[in-house]
Amino acid sequence: MGHAGNNVIPNVHFRKVNGCQTGRHNRVFMRTWLDQAGRKKRRANNRKAKAAKVFPRPAAGNLRPVVHPPTQRYNMKLRLGKGFTLAELKEAKIPKKQAKTIGIAVDHRRRNRCAESLQANVQRLKLYMSKLLIFPKKSGKKGVKKGDTPRSELQNVAQNTLREIIPVPKPDLRIKARAITKEEKEKSAYKTLKKARTDKKYLGAKLKKAKAASGKAEE
């Protein structure tokens, strides 16, 4: 059959019948998920094998801090961070070199921006240390070092298989309505911030003046 002019050769496959795709032709567009159950079983077996390999250490690995994600959109949530800051370890009285040897992740780049997050992670560290059991590296009395847990307490120890080792607390986002107190009405957030900025601005001058005054008093 001839065609008039230099046009595109018709290449219609007629996959649709009466406006809908037939089952015989649209199989190529379907994506099956027949291995869902098999993959689930494989993941479970891999978790069990990993836990058995690292026993008696926690299956999740190192203990990590609780942090707020960046940006205003997500900063009300809580998640696990990379590692504890040096300030948090110092507050919890844990040497930074020892922390890595007892399953505590350390991040020397992270900084604490507020006292609340610092104390929250310090409490997390203290709770971990209160439950920590340290197995001696070698058998016999000579293999036991200072700080190791007595062998009598190491019988039938259960492995920690939780994802976060210590669960991440869920913040209470809803605050129950209450009446505004008299102190809150009298207090001004603007004045408090203004005074803090002023004190910061003139702190150097005040220290310089006090130092000069103390020098004159000594003379």
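## Close-up views of a predicted model

**View 1. Asn-121 sits within helix α4, which covers residues 115–131.** This model is predicted, and the first close-up centres on one side chain of that helix. Asn-121 has a relative accessible area of 0%, so Asn-121 counts as buried. The side chain of Asn-121 makes a polar contact of 3.0 Å with the side chain of Glu-88. Leaving aside residues up to four places away in sequence, Asn-121 touches Pro-65, Val-66, Phe-84, Glu-88 and Arg-110. Glu-88 therefore turns up twice for Asn-121, in the list of touching residues and as the partner in the polar contact, while Asn-121 itself is buried at 0%.

**View 2. Asp-107 belongs to the loop between α3 and α4.** Here is a good place to ask: is Asp-107 buried or exposed? Its relative accessibility is 9%, and because buried means under 20%, Asp-107 counts as buried. A polar atom of the Asp-107 side chain lies 3.2 Å from the backbone nitrogen of Arg-109. Asp-107 also touches Lys-82, Gly-83, Phe-84 and Thr-85, when residues up to four places away in sequence are not counted. One of these, Phe-84, is touched by Asp-107 and is also among the residues touched by Asn-121.

**View 3. The largest pocket holds about 1100 Å³ of space.** Elements giving two or more residues to its lining are α1 (36–54), α3 (96–101) and α4. The lining comes to 35 residues, and those nearest the pocket centre are Ile-102, Tyr-128, Leu-132, Leu-133 and Ile-134. If you plan to look around inside, these five names are handy starting labels.

**View 4. Leu-133, in the loop between α4 and α5 (182–186), is one of the residues nearest the centre of the largest pocket.** How accessible is Leu-133? Its relative accessibility is 33%, so Leu-133 counts as partly exposed. Which residues does Leu-133 touch, not counting those up to four places away in sequence? They are Thr-149, Glu-153, Leu-154 and Val-157. Ile-102 is also among the residues nearest the pocket centre; the C-alpha atoms of Leu-133 and Ile-102 are separated by 9.3 Å, with their positions 31 residues apart along the chain.

**View 5. The peptide bond joining Phe-55 and Pro-56 is cis.** Omega for this bond is about 5°. Most peptide bonds are trans. Pro-56 is found in the loop that runs between α1 and β3 (66–67).

**View 6. Thr-71 and Asn-75 share a setting, the loop between β3 and β4 (79–80).** Thr-71 has a positive phi of about 75° although Thr-71 is not a glycine. Most residues other than glycine have a negative phi. The relative accessible area of Thr-71 is 52%, and since exposed means over 50%, Thr-71 counts as exposed. Asn-75, at 37%, is partly exposed. Setting aside residues up to four places away in sequence, Asn-75 touches His-68, Pro-69 and Pro-70.

**View 7. Asn-156 is another residue other than glycine with a positive phi, near 55°.** Where is Asn-156 found? Asn-156 is in the loop between α4 and α5, and Leu-133 lies in the loop between those elements too. Asn-156 counts as exposed because its relative accessibility is 80%, whereas Leu-133 counts as partly exposed at 33%.

**View 8. Helix α6 runs over residues 189–201.** Does its span agree or disagree with the expected value? At 1.5 Å a residue, its 13 residues should span 18 Å, and the end C-alpha atoms are 18 Å apart, so the two agree. Helix α6 is hardly covered, with a count of zero buried residues among its 13.

**View 9. Stepping back, the chain contains seven helices and four strands.** Starting from the N terminus, the elements follow the order β-β-α-β-β-α-α-α-α-α-α. Of its 219 residues, 17% count as buried, with Asn-121 and Asp-107 as two buried examples from the views above. The chain exposes about 19800 Å², and 55% of that comes from carbon and sulfur atoms. Among contacts between residues at least 6 apart in sequence, 52% join residues at least 24 apart.

Methods. Residues numbered from 1 in each chain as written. Predicted model: local features only at pLDDT ≥ 70, side-chain atom pairs only at ≥ 80, totals over all residues. Heavy atoms only, no water. Buried < 20%, exposed > 50% of the residue type's maximum accessible area, 1.4 Å probe, protein only. Polar contact = N/O pair within 3.5 Å; in protein donor to acceptor, adjacent residues only side chain to side chain. Contact = heavy atoms within 4.5 Å. Expected span 1.5 Å × (residues − 1). Areas by Shrake-Rupley, 256 points an atom, 1.4 Å probe, with all protein chains shown as cover. 1 Å grid on protein atoms, 1.4 Å probe; cavity = no way out; pocket = protein on both sides within 12 Å on 5 of 7 lines; lining within 4 Å. Points joined across faces, edges and corners; volume = space filled by probe spheres on them.
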